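This briefing concerns a predicted model, and it is arranged by topic for a reader who wishes to follow the side chains in some detail. The sequence and the structure come before the points.

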Amino acid sequence: MVVVLLGPPGVGKGTQGAVLAETFGWDRIITGDLLRAARREGSRLGRQAQAYMDRGDLVPDELIVAMVRERLEGLDAGIGVLFDGFPRNVAQGEALEAVLPEVDRQVDGVLLFTAPDDVLVKRGSGRRNCPDCGRLYNVYFDPPRTEGECDDCGEALVHRSDDEPETVRHRLDVYREQTEPLVRYYRESGAVVLEIDGDQSIDDVTQAARRALEDAFDLEGDAA
Ligand code: AMP
């Protein structure tokens with residue numbers, strides 16, 4: 001199984017992707033996380049990506065596609081893959097379509113999460129994450145027990161520089177212009193596109209996404 005998560009920044013792809021991957025026993029390829037790791041390591045890719053990421057613009061396709069190809073080649077062939085944050089435009093969608101057959105795969109389904117812009121800006125700008133264990137919080141919707149501290153490991157939470165309200169709005173514009181055309185691209189290519197209302201509680205979104213996947217692909221997730 002190869003499933004692409006689509007939806008604007010802040011709609012909950014990261015949160016939902018983590019639960020769904022766990023439920024179905026899939027791997028995840030999260031291009032934003034791979035790029036942030038490259039930045040932390042100070043690698044060539046990290047240095048090349050930095051300015052684009054700080055502005056909320058897309059990193060050039062050739063860098064991203066090479067990074068994704070490398071990750072895909074390292075994955076166990078029998079395990080499903082969930083793409084989070086990739087593809088981000090039609091050119092990347094076409095590149096993925098060219099790369100997947102090399103590893104005997106194809107895009108089977110697309111989960112499209114939707115929510116109104118005002119909800120997305122509030123979610124995006126309220127987002128905090130733990131640099132140690134990666135747990136995500138939101139100061140408005142899902143705050144930690146102690147302000148600014150991770151419930152699990154006590155680390156000081158950080159606010160991504162591209163989660164400032166103005167950058168969040170810019171990232172939304174980039175999504176509408178460059179990423180949203182992928183919805184049509186996938187509909188026309190015959191992939192199953194499952195639309196999920198992302199403006200509900202985290203649990204309700206998870207249930208809706210899980211049920212949609214199980215029904216469309218005859219899957220059975222882990223009950224836990
Ligand atoms: P994300 O965590 O998915 O919101 O990604 C954070 C930032 O990383 C984006 O605003 C882009 O600058 C960059 N990025 C992540 N994935 C991609 C991609 N597939 N193509 C281009 N840039 C990306």
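In this predicted model, the charged end of lysine 122 sits over the ring of tyrosine 140, 5.1 Å from the ring centre. The charged end of arginine 123 is likewise placed over a ring, that of phenylalanine 141, at 6.0 Å from its centre.

**Aromatic rings**

- The two rings that carry these charges also form a pair with one another, their centres being 6.3 Å apart; because their planes meet at 65°, and an angle over 60 degrees counts as edge-to-face, the pair of tyrosine 140 and phenylalanine 141 is classed as edge-to-face.
- Tyrosine 140 has a relative accessibility of 47% and therefore counts as partly exposed, while phenylalanine 141, with a relative accessible area of 47%, is also partly exposed.
- The count of aromatic pairs comes to 4, and one of them joins phenylalanine 83 to phenylalanine 86 in a tilted arrangement, with 5.8 Å from centre to centre and 50° between the planes.
- Both phenylalanine 83 and phenylalanine 86 are buried.

**Nonpolar cores**

- The largest nonpolar core contains 31 residues, and Phe83, Val107 and Tyr186 are those with the most contacts inside it.
- At least two residues of this core are supplied by each of E1, helix H3 (44–55), H4, E3, H5, strand E4 (109–114) and H8, with the largest share, 5 residues, coming from H4.
- Leaving aside residues up to four places away in sequence, valine 107 touches Val2, Val4, Leu96, Leu100, Tyr186 and Ala191.
- Another core, which lies apart from the largest one, has 22 residues, including Phe24, Trp26, Ala212 and Leu213.
- As a general background to such groupings, nonpolar side chains in soluble globular proteins tend to be buried together.

**Helix H5**

- Within helix H5, which spans residues 90–99, the buried residues are Gln92, Gly93, Ala95, Leu96 and Val99.
- These buried residues lie on the same side of H5, because the arc they cover around the axis is only 160°.
- The cover over the buried residues of H5 includes strand E1 (2–6), helix H4 (61–73), strand E3 (81–84) and helix H8 (181–189).
- At the N-terminal end of H5, asparagine 89 acts as a cap, with a side-chain oxygen 3.3 Å from the backbone nitrogen of alanine 91.

Technical notes. Residues are numbered from 1 along each chain as its sequence is written. This is a predicted model: local features need pLDDT of at least 70, side-chain atom pairs count only at pLDDT 80 or more; totals for chains, interfaces and linings use all residues. Side-chain values use heavy atoms; hydrogens and water are left out. Buried means under 20% relative accessible area, exposed over 50%, partly exposed in between (1.4 Å probe, protein chains only). Helices (H or I, at least four residues) and strands (E, at least two) are DSSP runs, numbered from the N terminus. The arc is that of the directions from the helix axis to the C-beta atoms. Contact means heavy atoms within 4.5 Å. A polar contact is a pair of N or O atoms within 3.5 Å; within protein, one must be able to donate a hydrogen and the other to accept it, and residues adjacent in sequence count only if both atoms are side-chain atoms. A nonpolar core is a set of buried Ala, Val, Leu, Ile, Met, Phe, Trp, Tyr and Cys residues joined through side-chain atoms within 4.5 Å. Rings of Phe, Tyr and Trp (its six-membered ring) pair if their centres lie within 6.5 Å; planes under 30 degrees apart count as stacked, over 60 as edge-to-face and the rest as tilted. A charge sits over a ring if NZ of Lys or CZ of Arg is within 6 Å of the ring centre and within 35 degrees of the ring normal.
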